[in-house]
Amino acid sequence: MLVLVTGANGLVGKALLARCVADPSLRLRGSTRAPVSEMLAGVEPILIGELASDTDWTEALKGV
């Protein structure tokens, strides 16, 4: 199962991803507003940009 975690670089997002990477049944995608220098191993990073009413979530949600 592919799971999208929004705010992957924030306090809650980082903690959630750290717990989820141990579950081999999950594929993880983490969305961020700004590029990050590193993401947890096994997490596919996806850049969303600033959040607004016209934010395009198409790529982030593909396959989720």
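Begin by selecting Leu2 in this predicted model: at a relative accessibility of 8%, Leu2 counts as buried, because the cut-off for that class is under 20%. Leu2 belongs to strand β1. Display its surroundings next, leaving out neighbours within four places in sequence: Leu2 is then in contact with Arg27, Leu28 and Arg29, and also with Lys62, Gly63 and Val64. For a view across the model, draw a line from the C-alpha atom of Leu2 to that of Ala34; the two atoms are 22 Å apart, with these positions 32 residues apart along the chain.

Before going on, colour the chain by confidence. The mean pLDDT of the protein chain is 94, and 100% of its residues reach 70 or more. Among the elements, strand β1 (residues 2-5) has the highest mean value, 97, and strand β3 (residues 43-47) has the lowest, 94.

Stay in strand β1 and select Leu4. Leu4 counts as buried, at 18% relative accessibility. Its C-alpha atom is separated by 4.8 Å from that of Arg29, although the two residues are 25 apart along the chain. Arg29 is also one of the contacts of Leu4 beyond four places in sequence; the others are Ser31, Ile46, Trp57, Ala60, Leu61 and Val64.

Now select the largest nonpolar core. Which residues make up this core? There are six: Val5, Ala8, Leu17, Cys20, Leu28 and Val43. In soluble globular proteins, nonpolar side chains tend to be buried together.

Two members of the core merit a separate selection. Take Leu28 first. Not counting residues up to four places away in sequence, Leu28 touches Leu2 and Val3, then Leu17, Cys20 and Val21, and finally Gly42, Val43 and Glu44.

Move from there to Val43, whose place is in strand β3. Is Val43 buried or exposed? Val43 is buried, since its relative accessible area is 8% and the limit for that class is under 20%. Outside its neighbours within four places in sequence, Val43 is in contact with Leu17, Val21, Leu28, Arg29 and Gly30. Measure from Val43 to Val21 in the viewer: their C-alpha atoms are separated by 7.7 Å, and the residues are 22 apart along the chain.

Next, select Thr32, in strand β2 (residues 27-32). Thr32 is buried, with a relative accessible area of 8%. When neighbours within four places in sequence are left aside, its contacts are Ala8, Asn9, Met39, Ile46, Leu47, Ile48 and Gly49. The C-alpha atom of Thr32 is 7.5 Å from that of Pro45, a residue 13 places away along the chain.

Thr32 leads to the last stop, the largest pocket, which holds about 150 Å³ of space. This pocket is lined by 13 residues, and those closest to its centre are Gly7, Ala8, Ser31, Thr32 and Arg33. Colour the lining by class to see six nonpolar residues, six polar residues and one charged residue. Ala8 may be kept selected as a link between two stops: Ala8 is one of the residues of the largest nonpolar core, and Ala8 is also among the residues closest to the centre of the largest pocket.

Notes. Residues are numbered from 1 along each chain as its sequence is written. This is a predicted model: local features need pLDDT of at least 70, side-chain atom pairs count only at pLDDT 80 or more; totals for chains, interfaces and linings use all residues. Side-chain values use heavy atoms; hydrogens and water are left out. On a 1 Å grid over the protein atoms alone, a cavity is a set of points where a 1.4 Å probe fits but cannot get out, and a pocket is an open set with protein on both sides within 12 Å along at least five of seven lines; lining residues have an atom within 4 Å of a point. Grid points are joined across faces, edges and corners, and a volume is the space filled by probe spheres set on the points. Ala, Val, Leu, Ile, Met, Phe, Trp, Tyr, Cys and Pro count as nonpolar, Asp, Glu, Lys and Arg as charged, and the others, Gly among them, as polar. pLDDT is the predictor's confidence in each residue, from 0 to 100. Helices (H or I, at least four residues) and strands (E, at least two) are DSSP runs, numbered from the N terminus. A nonpolar core is a set of buried Ala, Val, Leu, Ile, Met, Phe, Trp, Tyr and Cys residues joined through side-chain atoms within 4.5 Å. Buried means under 20% relative accessible area, exposed over 50%, partly exposed in between (1.4 Å probe, protein chains only). Contact means heavy atoms within 4.5 Å.
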